[in-house]
Amino acid sequence: MQTNEASQESEIKQVIRSLCMMNNRFMNFMLDDNKEAAQVFLRVILGDDKIKVRNVRIQSFIQNIYGHSSQLDILAQDSKGRYFNVEVQRSDEGAPARRARFYSSILDTHFLQPSKLYEELPDTYVIFITENDVLHDNLPLYNIRRRIDENAKCFEDGSHIVYVNSQRRDDTALGKLMQDLYCTEPKNLHYHEFAERMEFLKYSKEGEEKMTDVIEEYAARKAEALAKEAAREAVKEAAKKAEEKEQANRIELAQGLLADGMSIEFTVRHSKLTEAEVRELASKLSA
């Protein structure tokens with residue numbers, strides 16, 4: 001029992017230490033109430049060293065009484081009152097253009113309070129960090145703004161959508177940030193604002209305990225995998241038993257045909273046994 005518990009604990013440690021910030025849950029733990037780390041993200045992605053994050057929350061649920069509600073991965077606010085929603089998407093299907101549009105609109109409906117003027121609506125940024133280049137132009141960054149078609153001027157309504165292509169991991173500030181997203185060891189991180197938190201989460205008992213959700217998710221995935229394997233084995237076993245029963249029926253039929261004096265060829269044709277199997281049965285009957 002102790003050996004199994006030690007093995008399980010070692011496996012959990014390995015899972016935790018293999019995590020990087022492209023794992024949605026781990027990213028949440030890295031940035032939860034971590035203003036310095038969130039500030040690095042926003043400053044580098046938006047190219048603005050003056051951003052000062054006032055607060056940051058993870059898994060913020062925004063209720064929409066008229067339709068689809070949303071749970072935002074990371075929601076930060078800066079000293080200017082601007083709101084930043086950061087989403088990590090490993091699946092291309094998780095970052096469609098209309099999802100970005102919806103997230104932008106739901107931030108607007110949530111943060112414009114009753115009796116407030118439209119001019120008081122805060123600037124919002126929806127930032128998708130994607131594992132693949134979902135917009136397919138091989139750019140490291142896609143800043144998406146509304147514009148006036150007739151004169152190509154930006155329509156300044158305060159809404160911003162940004163796609164970050166994490167495949168572009170070069171030696172620029174943004175490229176180094178993308179490298180850090182895939183880094184699993186604190187000592188190899190470029191940005192020290194991430195290192196202390198990663199060290200805490202991966203190499204301290206308190207950090208491991210804090211990541212209960214990650215461990216539970218891992219346990220759930222492992223249980224699901226075991227259940228699927230058990231189901232596959234059950235199917236294989238059922239198929240094996242069915243084949244054994246079918247073979248027994250074929251043998252019984254062949255024995256009856258041979259006992260009635262039927263030829264080897266006739267018995268093979270009607271019993272579905274091989275000629276070698278029928279001849280072996282015939283030899284046993286004549287013995």
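This is a short tour of a predicted model, with suggestions for what to select at each stop.

**The whole chain**

Start with everything shown as a cartoon. You should find 10 helices and six strands. Now colour by confidence: the mean pLDDT of the chain is 85, and 88% of its residues reach 70 or more. Select helix 1 (residues 2–17), where confidence is lowest, at a mean of 70. Then jump to helix 5 (residues 173–181), where it is highest, at 96.

Switch on the surface for a moment. Its accessible area comes to about 17,500 Å², and carbon and sulfur atoms account for 50% of that. Of the 287 residues, 37% count as buried. As for how the chain folds back on itself, look at contacts between residues at least 6 apart in sequence: 53% of these join residues at least 24 apart.

**Into the core**

Hide the surface and go inside. In soluble globular proteins, nonpolar side chains tend to be buried together. Here the largest nonpolar core has 43 residues. Select Phe41, Ile45, Ile127, Ile129, Leu177 and Phe194, which have the most contacts inside this core. Which helix gives the core its largest share? Select helix 3 (residues 35–46), which supplies seven residues.

Stay with Phe194 and show what surrounds it. Leaving aside neighbours within four places in sequence, Phe194 is in contact with Met21, Met30, Ala37, Val40, Phe41, Leu177, Asp180 and Leu189. Two of those names, Phe41 and Leu177, will be familiar from the selection you just made.

A second core lies separate from this one and has 14 residues. To find it, select Ala95, Ala100, Phe111 and Val126, which are among its members.

**The aromatic rings**

Next, show the aromatic side chains as sticks. How many aromatic pairs are there? The count comes to six.

Begin with Phe84 and Tyr125. Their ring centres are 4.9 Å apart and their planes meet at 20 degrees, so this pair is stacked. Phe84 sits in strand 3 (residues 83–89) and Tyr125 in strand 4 (residues 124–130), so follow the chain between them: the two are 41 residues apart. Are Phe84 and Tyr125 buried or exposed? Both are buried.

Move along strand 4 to Phe128 and add Tyr163 to the selection. With centres 5.3 Å apart and planes at 90 degrees, this pair is edge-to-face. Tyr163 belongs to strand 6 (residues 159–165) and Phe128 to strand 4, so the pair ties together parts that are 35 residues apart in sequence. Phe128 and Tyr163 are buried too. Add Phe102 and Tyr103 to the view, and you have a cluster of four residues linked by ring pairs.

For a charge over a ring, select Arg169 and Tyr182. Arg169 lies over the face of Tyr182, at 4.1 Å from the ring centre.

**Two loops to finish**

The last stops are about the backbone. Most residues other than glycine have a negative phi. Select Asn138, in the loop between strand 4 and strand 5 (141–144). Asn138 is not a glycine, yet has a positive phi of about 55 degrees. Its relative accessible area is 51%, so Asn138 is exposed.

Finally, select Lys272, in the loop between helix 9 (264–271) and helix 10 (275–286). Lys272 also has a positive phi, about 70 degrees, without being a glycine. Its relative accessibility is 64%, so Lys272 counts as exposed.

Methods: Residues are numbered from 1 along each chain as its sequence is written. This is a predicted model: local features need pLDDT of at least 70, side-chain atom pairs count only at pLDDT 80 or more; totals for chains, interfaces and linings use all residues. Side-chain values use heavy atoms; hydrogens and water are left out. A nonpolar core is a set of buried Ala, Val, Leu, Ile, Met, Phe, Trp, Tyr and Cys residues joined through side-chain atoms within 4.5 Å. Buried means under 20% relative accessible area, exposed over 50%, partly exposed in between (1.4 Å probe, protein chains only). Helices (H or I, at least four residues) and strands (E, at least two) are DSSP runs, numbered from the N terminus. Contact means heavy atoms within 4.5 Å. Rings of Phe, Tyr and Trp (its six-membered ring) pair if their centres lie within 6.5 Å; planes under 30 degrees apart count as stacked, over 60 as edge-to-face and the rest as tilted. A charge sits over a ring if NZ of Lys or CZ of Arg is within 6 Å of the ring centre and within 35 degrees of the ring normal. pLDDT is the predictor's confidence in each residue, from 0 to 100. Accessible areas come from the Shrake-Rupley method with a 1.4 Å probe; for residues, only the protein chains shown count as cover.
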